[in-house]
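This report describes how the parts of a protein–DNA assembly meet. The sequence and the structure are shown first.

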Number of protein chains: 2
Amino acid sequence: MTTRWLTPKEQRAWRAYIAATFLVEDAIDRQLQQDAGMPHLYYSILASLSDAPERQLRMTDLAERTKITRSRLTYAVGRLEKDGLVRRENCRWDKRGSIAVLTDEGMEVLERTAPGHVETVRSLLFDHLTEEQVGQLEEICGGLVRRLQEDERPTTDEVPWRRRSSPSCS
Amino acid sequence: MTTRWLTPKEQRAWRAYIAATFLVEDAIDRQLQQDAGMPHLYYSILASLSDAPERQLRMTDLAERTKITRSRLTYAVGRLEKDGLVRRENCRWDKRGSIAVLTDEGMEVLERTAPGHVETVRSLLFDHLTEEQVGQLEEICGGLVRRLQEDERPTTDEVPWRRRSSPSCS
DNA sequence: TAGGTTTGTTTCAAACTTGAACCAAGAGCA
DNA sequence: TGCTCTTGGTTCAAGTTTGAAACAAACCTA
């Protein structure tokens, strides 16, 4: 099987993609570290919780939404809990379960820092994209996500598919 | 100044973008960790070196190309050096300078693992994008990069701009 | 050319991530 | 019921990243 190398055009796209994603994440991390005292991921966790009904989610669901491993999440929630922004409760129905709840303080931090964050996201990204490009970006990334998530799921038979709610800006 | 929140469409795009970039980086990191015993960034460092004339670059240039901090690079090159894939030399013209050189062994690792890596990038990304979308992606990301790099540069007067060569797939 | 600033790089401690191993508790089934 | 398998979560050690501080060499400029 001979390698299907990238075409020059694909190479350019790939390089640009890598560079852009690194730079964007970096800029956002710095901004949030500055203004909210936490990296982007931690902010996203708070944001995900704030969107959930009752401002709470089971660890596994939270991990799925934020696209990180459970172990990474355990650590992150540990810190957020220490900071008083999140509280852990145990799940009544499933005694194995652990539920992360956004505290009022956590909500306050989120509300206080959200405007700055959105402004950053805007100035980094959306202020420079046309309507059309926003659509293209959504299309491209959405497709990627769909495919990548399917891969990690049983392929043989029907998938018992459940969906949940959710809005806002992580 | 009232906050310019994201429109629903922008929110969707942003979420998809975050999810996609996380998932893609993760998948690539896992693949490379498996097959090359190193995370994506480290592979990219080797790839950057392999593209450079004489297969070598000064630390700062290497950091600039890979979009990471100097300190992070120092650590990474430290490990690659320990593994024998990179060698450090000191710059003759500038005694402060340190030069990272890709060793033959490093080149071998790269050549051995490149096909698998490209295949992954393809199956993750390009196999599912139309020609048009590849163009869009390049356009969007390229624009981002240009803007983000300008920001970290003196804005007032002329920038003594130097460019170097480079091809391939990081 | 001395003194002050900038540039190139490393160092260090604290924070974070990774992946494998572990420990319950639910589920399926003989 | 008693077994085994799966699932939800945490733990732990090893590896990585961060950002500020430290250094040394190069570059002004008076």
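## Terms and basis

A polar contact is a pair of N or O atoms within 3.5 Å; within protein, one atom must be able to donate a hydrogen and the other to accept it, and residues adjacent in sequence count only if both atoms are side-chain atoms. By this criterion, a polar side-chain atom of Arg96(B) lies 2.7 Å from a base oxygen of DNA strand C.

The model is predicted: local features need pLDDT of at least 70, side-chain atom pairs count only at pLDDT 80 or more, and totals for chains, interfaces and linings use all residues. Residues are numbered from 1 along each chain as its sequence is written, chains are lettered from A and ligands numbered from 1 in the order in which they are written, and side-chain values use heavy atoms, with hydrogens and water left out.

## Relation of the two protein chains

A turn of 180° with a shift of 0.0 Å along the axis lays chain A on chain B with an RMSD of 0.0 Å, the superposition being by least squares on the C-alpha atoms of residues with pLDDT of at least 70 in both copies. The two copies are therefore related as by a two-fold rotation axis.

## Interface of chain A and chain B

In chain A, 62 residues are in contact with 62 residues of chain B, where contact means heavy atoms within 4.5 Å. Because 100% of the interface residues of chain A are also interface residues in chain B, the copies meet through the same surface. The buried area is about 6,200 Å², with carbon and sulfur atoms giving 68%; this is the accessible area (1.4 Å probe) that two parts lose on being put together, summed over both.

Twelve salt bridges are found across the interface, each defined as a side-chain nitrogen of Lys or Arg within 4 Å of a carboxyl oxygen of Asp or Glu. One of them joins Asp51(B) to Arg15(A), with the closest N and O atoms 3.7 Å apart. Polar contacts link 18 residue pairs between the chains (both at pLDDT 80 or more). On the side of chain A that touches chain B, helices H1 (8-36), H2 (40-51), H5 (104-124) and H6 (131-151) each give two or more residues; helices (H or I, at least four residues) and strands (E, at least two) are DSSP runs numbered from the N terminus. H1(A) provides the largest share, 17 residues. This side divides into 32 nonpolar, 15 polar and 15 charged residues, with Ala, Val, Leu, Ile, Met, Phe, Trp, Tyr, Cys and Pro counted as nonpolar, Asp, Glu, Lys and Arg as charged, and the others, Gly among them, as polar.

## DNA strand C

Around DNA strand C there are 19 residues, the nearest being Arg72(A), Arg79(A), Thr60(B), Arg88(B) and Ser98(B); a residue is near a strand if one of its heavy atoms lies within 4 Å of it. H4(A) gives the most to this surface, four residues. Side-chain N or O atoms of Arg72(A) and of Arg88(B) are each 2.7 Å from a phosphate oxygen of DNA strand C.

## DNA strand D

DNA strand D is surrounded by 19 residues, with Thr60(A), Arg88(A), Arg96(A), Arg72(B) and Arg79(B) the closest. H4(B) gives the most to the surface near this strand, with four residues, and the surface comprises four nonpolar, six polar and nine charged residues.

A polar side-chain atom of Arg96(A) lies 2.7 Å from a base oxygen of DNA strand D. Phosphate oxygens of DNA strand D are approached by the side chains of Tyr42(B), at 3.2 Å, and Tyr75(B), at 3.1 Å.
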